[in-house]
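Got your viewer open? Let's take a walk through this one together, one selection at a time.

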Amino acid sequence: MLCLGALCQVRHPTPCRNTLPAQPPAQAQPCRLCRPGRAGPAACGTAGPPGRAGTPGSAPAPRLGAGIERPRPPPPPRSPPGPPCAALTRTRRKAARAASASAAAGRDRGSDGSGGSAIARGSRGAPARRDSDAEAAAPPARCRWEPPAPPSGQGPAAPPPLWPPLPPVRPRRLPGGQAARGRHIRGGDGTAMAAAFKTVEPLEYYRRFLKENCRPDGRELGEFRTTTVNIGSITTADGSALVKLGNTTVICGIKAELAAPAVDSANKGYIVPNVELPSLCAERFRSGPPGEEAQAASQYIADVIENSQMIVKEDLCIANGKLAWVLYCDIICLDYDGNLLDASVFALLAALKNVQLPLVTINEETGLSEVNLKQKNPLIIRKHPVATSFAVFDDTLLIVDPTAEEEDLATGTVTIVTDEEGRLCSVHKPGGSPLTGAKLQDCITRAITRHKEVKKLIDKVIKSITPK
Amino acid sequence: MPLDHRRLRGPEESQPPTLWAAAAAEDEEDEEGAGAAARDPCALRPLFARAGLLSQAQGSAYVELGSGTKVLCAAWGPREAAEPGPGRLICEFRRAPFAGRGARGRPGAAAEREAEREAAAALREALEPAVRLGRYPRARLAVSALLLQDGGSALAAAVSAAALALADAGVEMYDLAVGCALCRPPAPAASWMLQPAEPEERRAAARLTLALLPALNQVSAVLGGGRGGPPEDWAQALRLGLDGCHRQYPVLRQSLLRAAQRRRSTPPS
């Protein structure tokens, strides 16, 4: 039995491994597929037939190695061991013979770049035939190779669930707006299982809540945590405010001092924000100089003040080139449970509204400044910016006011600052997953609503502490 | 002053407006001082203590004195330490920049850091005898105190708050350490006063801070100094301070009990 592949060394797409002859035949026979004189002997990569070797001037036509450049058909099924293989080989050889017979017809088929080699065409045509025959002959399930099915479903493939699926959950709204986590699953076992699931697969745990359009602490996706404001508690500071957004607690104290204005901006005062994340607010913050997050937050607050024109620096100037106010705004986070920027901006706004500056006049005769501590005026605050932060989940879902756990699981964050006329002051999106324009517009709308809520709260508090 | 690259920079120098208003202010303060002399030297100011209020720390406490001192303290239970040997207590004391009445304390300045380090060392001295460090070998217990407003007796309030926070974190202790401060005004025959307010402390000739373990009746730290007078005066001051600590103890215990009840009634999240 002769195997075509071994004899003529033609690169057949299906190297048949099983029927290699023990010894090469004494006389190399020309390849059955080769048609001597038809397409040129050089088209076949055979080194065997002596007649070909001596042919002078035969330009090395593109060998069948060039056939690799042609788009190859999908590799036909490998021959499995056992009886079906022999059947396959037989069918293949039959097909090959048929192919060589009809190679004349096959020649006109298929335009290929390399000079019309019959073998190439034949070999190209043959596999298709072989495939169909093989399909008919062999059991389809085993020999057939299919490309992998495209992933079904939208978004990233969800990992296979490790735990038995939890019952669909709807956390009850307990009085006080606090649905304890895990309480919706009745029974001790359920709570323990939920806690274990949360530890092992926090993202999956979270996704199950998001599917029901709520979050583990019972809030809707667009709902803020309970906001509390306390103004004027630190009497050593000129203005102070304590803001609690759920568990996140931020205190802002403002101290006003006098300094000479800078040389290049002689009519401007200074506002110096300073955000501190001491080690007591969360375990991951170390004591010492401010870390990356604190520095970024400080710079962000400075940008918000500048962009929103909350306090115009010219208002802080007392005497051009000689004396100006410096407002040191120290924002200290006491408890970090996510959404630091919102709370900081809110605390800053509330503290600034609480500041009372003494009247400073410059005595023209002596040139010294006189401070009248009895008479105090509030600051002129032109705009009231309010920040709203969102976390992006899985590139699609937006949730408002993330807690620390949600911030860790999120793929991106957006912070939007609006002022009271519904105008946009700043959009801060430090990297993270991309957002469509429509989603950003939704965020802006939500931020405008939030501004109204916050403004109402601040006005109420300020009114309650002003002496009648 | 060396540039602090990590914070936003303001002007090179700035002065508080009270410097210029000094002349008018001093008259007022003298009046205040005369009025305060009539104050009962043994009177304790109202004390507010609450434990278990921070969500991110294992134990926390907030102590507020009637004169306006506000201290917030957080504590973390045993964490693994690299060095072998008995457990260590690591204390940290920070002043908020707006805590002082005068100029704003510059956070990165060397003087500030030095003062904070001294206060942290004093805190550790006061708390170490109270904590059963032998039960936590090769462990690190961390305590971090933040002074939000200084109205006098800041270190004493910090000691009480830190002990409360450690107890709230579940660290094994022999007893709560209660802090009490005293001061003696510069008048020649003045007597020692308990829990001075900030102006009194500023003008005082001698200051003293005591830390006591009331149930064991053992003093864990005595800090302070100044021109106090004859030694009997100092002994009398100590007795006054111990009495003050004993009187504050029930309030702190009550706050711990309430925190434990609150923790038990809300379900674990």
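## Stop one: a loop in chain B

Select B:Gln195, which you'll find in the loop between β7 and α4 (198-203) of chain B. Keep in mind as you look around that this is a predicted model. Is B:Gln195 buried or exposed? With a relative accessibility of 4%, B:Gln195 counts as buried, since the cut-off for buried is under 20%. Now check its backbone: phi is near 45°, a positive value in a residue that isn't glycine.

## Stop two: two tryptophans

Stay in chain B and select B:Trp192 and B:Trp234. Which kind of pair do their rings make? The ring centres are 5.2 Å apart and the planes sit at 55°, so this pair is tilted. For a pair to be stacked, the planes would have to be under 30 degrees apart, and for edge-to-face they would have to be over 60.

The two partners come from distant parts of the chain, 42 residues apart. B:Trp192 is in the loop between β6 (178-184) and β7 (193-194) of chain B, while B:Trp234 belongs to helix α5 (residues 231-265). Try showing the surface, too: B:Trp192 counts as buried at 2% relative accessibility, whereas B:Trp234 is partly exposed at 24%.

## Stop three: the start of chain B

Next, jump to B:His5, in the segment before α1 (22-36) of chain B. B:His5 has a relative accessibility of 69%, so it counts as exposed. Add B:Gly108 to your selection and draw a line between the two C-alpha atoms: 10.0 Å in space, with these positions 103 residues apart in sequence.

## Stop four: over to chain A

Zoom out and look at chain A as a whole. How many helices and strands does it have? There are 12 helices and 12 strands. Chain A has 468 residues, and 44% of them count as buried. Here's one about contacts: take those in chain A with a separation of 6 or more, and 66% of them come from residues 24 or more positions apart.

## Stop five: a stacked pair

Over all chains, the structure holds six aromatic pairs. For one of them, select A:Tyr206 and A:Phe393. The ring centres are 5.1 Å apart and the planes are at 20°, so you're looking at a stacked pair. A:Tyr206 is in helix α8 (residues 202-211) and A:Phe393 is in strand β9 (residues 386-393), so the pair ties together parts of chain A that are 187 residues apart in sequence. Both A:Tyr206 and A:Phe393 are buried.

While you're in α8(A), colour its buried residues: A:Glu204, A:Tyr205, A:Tyr206, A:Arg208, A:Phe209 and A:Leu210. Two of those names come back when you select the aromatic cluster formed by A:Phe197, A:Tyr205 and A:Phe209. After α8(A) comes A:Asn213, with a positive phi near 60°.

Now hop to A:Asp394, in the loop between β9 and β10 (397-400) of chain A. A:Asp394 has a positive phi as well, near 55°. Its relative accessible area of 25% makes A:Asp394 partly exposed.

## Stop six: a charge over a ring

Select A:Arg450 and A:Phe224. What sits over the ring of A:Phe224? It's the charged end of A:Arg450, 3.6 Å from the ring centre.

## Stop seven: two helices packing

Show helix α9 (residues 292-308) and helix α10 (residues 340-354) of chain A as ribbons. They pack at an angle of about 50°, with axes 11 Å apart. That angle makes α9(A) oblique to α10(A), and the crossing is right-handed.

Switch on the side chains to see who meets whom. From α9(A) come A:Ala297, A:Tyr300, A:Ile301 and A:Ile305; from α10(A) come A:Leu340, A:Leu341, A:Ser344, A:Val345 and A:Leu348.

## Last stop: A:Leu348

Finish by centring on A:Leu348, in helix α10 of chain A. Its relative accessible area is 2%, so A:Leu348 is buried. What is A:Leu348 in contact with, leaving aside neighbours within four places in sequence? Its partners are A:Cys252, A:Ile254, A:Ile301, A:Ile305, A:Met310, A:Cys329 and A:Ile331. Two of these, A:Ile301 and A:Ile305, are also among the α9(A) residues that meet α10(A). To end, pick A:Leu379, 31 residues from A:Leu348 along the chain: their C-alpha atoms are separated by 13 Å.

Terms used: Residues numbered from 1 in each chain as written. Chains lettered and ligands numbered in written order. Predicted model: local features only at pLDDT ≥ 70, side-chain atom pairs only at ≥ 80, totals over all residues. Heavy atoms only, no water. Phe/Tyr/Trp six-rings, centres within 6.5 Å; stacked < 30°, edge-to-face > 60°. Helix = DSSP H or I, 4+ residues; strand = E, 2+ residues; numbered from the N terminus. Buried < 20%, exposed > 50% of the residue type's maximum accessible area, 1.4 Å probe, protein only. Lys NZ or Arg CZ within 6 Å of the ring centre and 35° of its normal. Axes fitted to C-alpha atoms, helices over the stretch in contact; angles between N-to-C directions. Parallel < 35°, antiparallel > 145°, perpendicular 65-115°, else oblique. Left-handed = near helix turned anticlockwise from the far one by under 90°. Contact = heavy atoms within 4.5 Å.
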